[in-house]
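Hi everyone, thanks for coming. I'd like to take a few minutes to walk you through one structure, so let me put it up on the screen.

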Amino acid sequence: MTGPLFESLVTLGVRAMAQAAQARVAHLRTAHGDHEVDLVVLGLDGQVLGIEVKLAAGVSDGDVRHLKWLREQLPDQIVDLIVVPLALLGA
């Protein structure tokens, strides 16, 4: 249960901040499940922020593969890509 709870906590925080910035938050998963990005923040000007939430102390290359894919799909719209590992909460 720790993974889903951690992701829900991060999502709650991101949604609150996005709402203050008049942005929307979505989850992205391709039709065949080949790519998935936990949170995609969509700004008013078409700006996109990709966020992966990881229940791990560190980040590996595999953890960012879907974020890299997102950047390839939307190169002119991506403003940043972020991985939020559990270690950021002092675990």
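Let's begin at a turn: Gly33 takes a positive phi near 75° in the hairpin of S1 and S2, where six residues lie between the strands. Please keep in mind that this is a predicted model. The two strands of that hairpin, S1 and S2, run antiparallel and are joined by five bridges. If you want one pair to look at, find Ala26, whose bridge partner in S2 is Val40.

Now follow S2 onwards. S2 also runs antiparallel to S3, with four bridges joining them. Here Val41 has Leu49 in S3 as its bridge partner. Five residues separate S2 and S3 in their hairpin, and Gly46 in the turn has a positive phi of about 85°. So how many of the seven residues of S2 are buried? Five of them are, and the strand is mostly covered.

On to the helix. H1 covers residues 2-20, and at 1.5 Å a residue its 19 residues should span 27 Å; the end C-alpha atoms are 28 Å apart, which agrees. Its buried residues are Phe6, Val10, Thr11, Val14 and Ala18. Looking down the axis of H1, those buried residues fall within an arc of 135°, so they line one face of the helix. What covers them includes strands S1, S2, S3 and S4. Turn to the face of H1 pointing away from the buried side, and you meet the exposed residues Pro4, Leu5, Leu12, Gln19 and Ala20.

One last stop: after H1 comes Gln22, with a positive phi near 60°. Thanks for listening!

Notes. Residues are numbered from 1 along each chain as its sequence is written. This is a predicted model: local features need pLDDT of at least 70, side-chain atom pairs count only at pLDDT 80 or more; totals for chains, interfaces and linings use all residues. Side-chain values use heavy atoms; hydrogens and water are left out. The expected span of a helix is 1.5 Å times one less than its number of residues. Buried means under 20% relative accessible area, exposed over 50%, partly exposed in between (1.4 Å probe, protein chains only). The arc is that of the directions from the helix axis to the C-beta atoms. Contact means heavy atoms within 4.5 Å. Two strands pair if DSSP finds at least two bridges between them.
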